[in-house]
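Hi,

Here is the structure I promised to pass on. Have a look at it first, and then read my notes below.

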Amino acid sequence: MLMRTDPFRELDRITEQLLRPGTWSRPSAMPMDAYREGDVYVVAFDLPGVSPDAIDVDVERNMLTVKAERRPAVSADDVQMELSERPLGAFSRQIVLADALDTDRIDADYDAGVLTLRIPIAERAKPRKIAVGGESRRKEIKG
């Protein structure tokens, strides 16, 4: 259900993530999983340590954008940081969704540092049976 447009985009994202951490002016990507569960498409983003009010989810046409911000946990003036390995700053990820998904009914849940989006498959995209007309539909041409 995800549409990939550039084969090198994922390679660029991974390279950026490994070589340069995100900052507030240049967000880094966030890891995600995507899978189908029945008639719902599920996308889960890892956002440990991010407050729920610092997460922004937008959909414009078929472009899903998730932005989050992790701020320093310690903000007192008398604190001297000895070691800081956890990435801080802005995180962002954009995904092109297929037309088969119903973007009007996205459900978002944030639990234990994981943002989970559930996107239902649109009714028009679900398989359905088509009735086939029989003999009664035939017309005779007289001439």
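How much accessible surface does the protein have, and what share of that belongs to carbon and sulfur atoms? The surface comes to about 10900 Å², and carbon and sulfur account for 49% of it. Please keep in mind that this is a predicted model, so everything below is computed from predicted coordinates.

**The overall layout**

Going from the N terminus, you meet the elements in the order α-β-β-β-β-β-β-β. That makes one helix and seven strands. The protein has 143 residues, and 25% of them are buried. On the contact side, take the pairs with a separation of 6 or more: 58% of those contacts are between residues 24 or more positions apart.

**The strands**

I'd start with β7, which covers residues 114–120. Five of its seven residues are buried, so the rest of the structure largely encloses this strand. β7 has antiparallel pairings with β2 and with β6. With β2 (residues 40–46) there are seven bridges, and Tyr-41 sits opposite Ile-119 of β7 there. With β6 there are five bridges, and here Asp-107 has Arg-118 of β7 as its bridge partner. β6 and β7 also make a hairpin with two residues between the strands, where Ala-112 has a positive phi near 55°.

There is another hairpin at β3 and β4, again with two residues between the strands. In that turn, Arg-61 takes a positive phi of about 55°. β3 (residues 55–60) pairs with β4 in the antiparallel sense, over six bridges. Val-59 faces Leu-64 of β4 in this pairing.

One thing to remember while you click through these: in a regular strand, side chains alternate between the two faces of the sheet.

**Charged pairs**

Side chains of opposite charge can pair when their charged atoms come close. How many salt bridges does a search of the whole structure find? It finds four, and these are the ones I looked at.

- Arg-118 and Glu-37 form a salt bridge through their side chains, at 3.0 Å from N to O. This pair ties together distant parts of the chain, since Arg-118 is in β7 and Glu-37 is in β1 (residues 32–37), 81 residues apart. Arg-118 is partly exposed, with a relative accessible area of 33%, and Glu-37 is partly exposed too, at 42%.
- Asp-39 and Arg-36 form a salt bridge as well, with an N to O distance of 3.9 Å. Asp-39 counts as partly exposed because its relative accessible area is 41%, and Arg-36 is partly exposed at 46%.
- Glu-69 forms a salt bridge with Arg-71, and the closest N and O atoms there are 3.0 Å apart. Glu-69 is partly exposed, at 22% relative accessible area, whereas Arg-71 is exposed, at 55%.

If you plan to look at the 3.9 Å pair, note that the cut-off for a salt bridge is 4 Å.

**Asp-102**

Is Asp-102 buried or exposed? Its relative accessible area is 18%, so it counts as buried, the limit being under 20%. Asp-102 lies in the loop between β5 and β6 (107–111). Its side chain makes a polar contact of 2.7 Å with the side chain of Arg-105. Setting aside neighbours within four places in sequence, Asp-102 touches Ile-119, Pro-120, Ile-121 and Ala-122. Of those, Ile-119 is the residue that stands opposite Tyr-41 in the β2 and β7 pairing.

**A nonpolar patch**

Which residues make the nonpolar surface patch of about 260 Å²? They are Val-74, Val-79 and Met-81. Val-74 belongs to the loop between β4 (63–70) and β5 (89–96). With a relative accessible area of 42%, Val-74 is partly exposed.

If you want a short route through the model, I'd go from β7, largely enclosed by the rest of the structure, to the salt bridge of Arg-118 and Glu-37, then to Asp-102 in its loop, and finish at the patch with Val-74.

Cheers

Key
Residues numbered from 1 in each chain as written. Predicted model: local features only at pLDDT ≥ 70, side-chain atom pairs only at ≥ 80, totals over all residues. Heavy atoms only, no water. Helix = DSSP H or I, 4+ residues; strand = E, 2+ residues; numbered from the N terminus. Buried < 20%, exposed > 50% of the residue type's maximum accessible area, 1.4 Å probe, protein only. Contact = heavy atoms within 4.5 Å. Areas by Shrake-Rupley, 256 points an atom, 1.4 Å probe, with all protein chains shown as cover. Patch = residues over 30% accessible without salt bridge, like charges linked within 9 Å, V, L, I, M, F, W, Y side chains within 5 Å. Polar contact = N/O pair within 3.5 Å; in protein donor to acceptor, adjacent residues only side chain to side chain. Pairing = 2+ DSSP bridges.
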